[in-house]
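User: I would like to go through this model with you, starting with the strands and then moving to the helices and the ligand. Could you take my questions one at a time?

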Amino acid sequence: MRVAVLQLAYGEGAEEPVAERADRVAELVRTSGAGHDLVVLPELWSAGGFAVRDWEERSQSLTFSLPPALAPVAQAAQEIGAVVHAGSVVERTGEPGPDGRHLWNTSVVLGPDGKVVATYRKVHRFGFGGGEPRLMEAGTELVVVDLPAPADALPAGLSTCYDLRFPELYRGLVELGAQLFLVPAAWPAPRVEAWRLLLRARAIEDQCFVVACNTAGTHAGLRMGGRSAVIDPWGRVLAEAGTEQEVLSVEIDPGLVATARTDFPVLADRRL
Ligand SMILES: NC(=O)CCC(=O)C(=O)O
């Protein structure tokens, strides 16, 4: 299974309108994603991971059709015939959630036909009372998706950025059958060592592949950490990006999860 991780750099929204960014990202999917089974983009790349003041204005409905930020990416997915984890968007709903808000940080997975295969609303909101917890609802559902291609694709558990700090979420995904974790993120540079360590920890403790796509560049005054990575179920780093825009291209052997879980059956020793 060939995987491409598109670590995007983006600056302040005013310098690059969302529509232009969507076209630029779709072109990157087309040029760098071609020849891969799975292409992964980062969290909130269209709205801006920390562009809190712009989230409302850049929010998008997913109810009837693909929003303008994702339509060009869906077209590119179709052209190259790959599954594309399109990162996340600020989703706007008509009905408010339990906290009375209409916004969610929602990841979208597209099939090779450009259609939505799965969505996941970020469960753990980052901001300690500000940012996401102030403006967004928290997701409540764990999502494991059977990717439509290739035939030997592993069941993929979805999570987003700050979720990485909550191991119980990943154990829940394993209980639902996940063998691969997809983690789009907007994780800043000052805490990037935590990111690198936690990615490996989640891979080792759950004996899963981890495919993690962070952002790069400086955004809303914050330097993003980069260091997107692909990690195998033994915790070996198969590829890791630097701190600028970069594409990782990695072949993963789906059979490795079953082998790891048979040869070293640590999950069977859990005491619940
Ligand atoms: N966008 C996020 O969820 C940021 C998380 C983060 O910066 C951290 O956990 O540290």
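User: Which residue is the bridge partner of V230 in β13?

Analyst: This is a predicted model, and in it V230 is bridged to A239 of β13. The strand β12, residues 229–231, is joined to β13 by three bridges, and the two run antiparallel.

User: What is the strand order in the open sheet that holds these two?

Analyst: The order is β6-β7-β8-β9-β12-β13, an open sheet of six strands with mixed pairing. Its edge strands are β6 (144–145) and β13 (237–240), each of which pairs on one side only.

User: What is special about the peptide bond from A149 to P150?

Analyst: That bond is cis, with omega near -5°. P150 belongs to the loop between β6 and β7 (156–158). As background, most peptide bonds are trans, and most residues other than glycine have a negative phi.

User: On phi, then: what is the sign for L44?

Analyst: L44 has a positive phi of about 45°, although it is not a glycine. The residue sits in the loop between β2 (38–40) and α2 (55–58).

User: Moving to the other sheet, what order do the strands from β5 to β14 take?

Analyst: They are arranged as β5-β4-β3-β2-β1-β14, an open sheet of six strands with mixed pairing. β5 and β14 (246–251) are at the edges with a single partner strand each, so one side of each has no neighbour in the sheet. From one strand to the next, the twist averages 25°.

User: How do β4 and β5 pair, parallel or antiparallel?

Analyst: Strand β4 (residues 103–110) pairs with strand β5 (residues 116–121) in the antiparallel sense, over five bridges. L110 has V116 of β5 as its bridge partner, and T106 stands opposite R121 in β5. The two strands form a hairpin with five residues between them, and G114 in the turn has a positive phi of about 80°.

User: Which strands does α1 lie across?

Analyst: Helix α1 lies across β1 (2–7), β2, β3 (83–92) and β14, and runs at about 145° to β1.

User: And how is α1 placed against α3, roughly parallel or oblique?

Analyst: Helix α1 (residues 18–33) packs against helix α3 (residues 71–80) at an angle of about 15°, with the axes 8 Å apart. The two are therefore roughly parallel to each other, and α1 passes α3 in a right-handed crossing. The contact has nine nonpolar, two polar and three charged residues. Among the residues that meet there are V25, A26 and V29 in α1, and V73, A76 and I80 in α3.

User: Why are α5 and α6 described as oblique?

Analyst: Helix α5 (residues 167–175) and helix α6 (residues 192–206) pack at an angle of about 40°, with their axes 10 Å apart. Angles under 35 degrees count as roughly parallel, and α5 and α6 are therefore oblique to each other. Their crossing is right-handed.

User: Which residues make that contact?

Analyst: P167, Y170, R171 and V174 in α5 meet R202, E205 and D206 in α6. By class, this contact has three nonpolar, no polar and four charged residues.

User: Lastly, which residues are around the ligand?

Analyst: The residues around the ligand are E43, G49, F126, C161, Y162, R165, A186, W187, P188 and R191. This shell has six nonpolar, one polar and three charged residues.

Methods: Residues numbered from 1 in each chain as written. Predicted model: local features only at pLDDT ≥ 70, side-chain atom pairs only at ≥ 80, totals over all residues. Pairing = 2+ DSSP bridges. Helix = DSSP H or I, 4+ residues; strand = E, 2+ residues; numbered from the N terminus. Axes fitted to C-alpha atoms, helices over the stretch in contact; angles between N-to-C directions. Parallel < 35°, antiparallel > 145°, perpendicular 65-115°, else oblique. Left-handed = near helix turned anticlockwise from the far one by under 90°. Contact = placed C-beta atoms within 7 Å. Nonpolar A, V, L, I, M, F, W, Y, C, P; charged D, E, K, R; others polar. Near = placed C-beta within 6 Å.
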